[in-house]
Amino acid sequence: MTKSAEASGPLHLTSAPPPDERSGLLGRLLTFIAYHRLQPGDRLPAERDLAERFGVGRGAVREALVVLETLRMVERRPNSGIYLRAVEKQGSIEAIVLQAELGIPLTGAEVREVVELRRILEMQAMRLAAERRHAEDIARLDAILATGEGAVAAGDGARLADYDAAFHLAMVEATGNHVFLRVVHAFYLMSRNRRRAYFADGQRAPLSHAQHVAMRDAVAAGDPDRAEAAMGSHLRGVESYWLELLERRTREE
């Protein structure tokens, strides 16, 4: 762990790992923070020093820091500098989405928490969808399921992951709660790569599709208990896969 930067000043940049050009400046900044194990309250190097380290202009660094500030990952203190915030408590959910899109993997603890959050959100979504659905919601689900049949037949992991997300988001949309939809949409953005890995071999797709059909039928019938139970059955298999994978990786480490 690092000492508080307010006492020791910002870290020197000479020991930073080689930058990952593919991730862009935001990814390189986040990698730098992780590499140095900066803690909440630690001060980042000055914009000028970061610009020199990454070989970019100060304007580019400033823009990247504004993004991190907007996501509540860092805070700017007048006449003092940029400090790391307690992201796990103060950061926005979009901060996790950003990390995922930059190819920065979630920690094991974060994956477990995301799995738990998904269950809380989607189980309730099923009940609300069954109570509030309209004919156009069922038509939307049917169209997505028809597309899903083609994805299952093709066994394409990327297409299957996109179909899976489209179905679940359409189910949340059927609740009529658009804030709910925005929150769940963020979850699906952050889990895109994991879902593609889950469907990569195509073997899990037929069962997943059949469970989607069962969920659609329960919602169309207006049966909240049956809809919630169908989602619970669907999530158990997904959750066990990810938790077993995490346990295996923990043992290997």
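1. Let's start with vocabulary: helices (H or I, at least four residues) and strands (E, at least two) are DSSP runs, numbered from the N terminus. With that in hand, you can place Asn79, which sits in the loop between strand S1 (74-77) and strand S2 (81-84). Its phi is near 60 degrees, a positive value in a residue other than glycine. Asn79 is also exposed, at 88% relative accessibility (exposed means over 50% relative accessible area, buried under 20%, partly exposed in between, with a 1.4 Å probe and protein chains only).

2. A word on what you're looking at: this is a predicted model, where local features need pLDDT of at least 70, side-chain atom pairs count only at pLDDT 80 or more, and totals for chains, interfaces and linings use all residues. Residues are numbered from 1 along each chain as its sequence is written, and side-chain values use heavy atoms, with hydrogens and water left out.

3. Arg37 is another one to look up. You'll find Arg37 in the loop between H2 and H3, with a positive phi near 55 degrees, again in a residue other than glycine. Its relative accessible area is 60%, so Arg37 counts as exposed.

4. Now the aromatics. Rings of Phe, Tyr and Trp (its six-membered ring) pair if their centres lie within 6.5 Å; planes under 30 degrees apart are called stacked, over 60 edge-to-face, and the rest tilted. That rule gives 3 aromatic pairs. One of them joins Phe32 and Phe54: the centres are 6.4 Å apart and the planes at 85 degrees, so this pair is edge-to-face. Phe32 belongs to helix H2 (residues 24-35) and Phe54 to helix H3 (residues 47-54), so the pair ties together parts 22 residues apart in sequence. Phe32 is buried at 3% relative accessibility, and Phe54 is buried at 7%.

5. Next, try Tyr198 and Phe199. Their ring centres are 5.0 Å apart with planes at 85 degrees, so this pair is edge-to-face. Tyr198 is buried, with a relative accessible area of 10%, and Phe199 is buried at 4%.

6. Which residue lies over the face of Tyr198? It's Arg204, at 4.9 Å from the ring centre. (A charge sits over a ring if NZ of Lys or CZ of Arg is within 6 Å of the ring centre and within 35 degrees of the ring normal.) Likewise, Arg77 lies over the face of Tyr83, at 3.9 Å from the ring centre.

7. One last stop: Ile93. This residue lies in helix H6 (residues 93-101) and, at 32% relative accessibility, counts as partly exposed.
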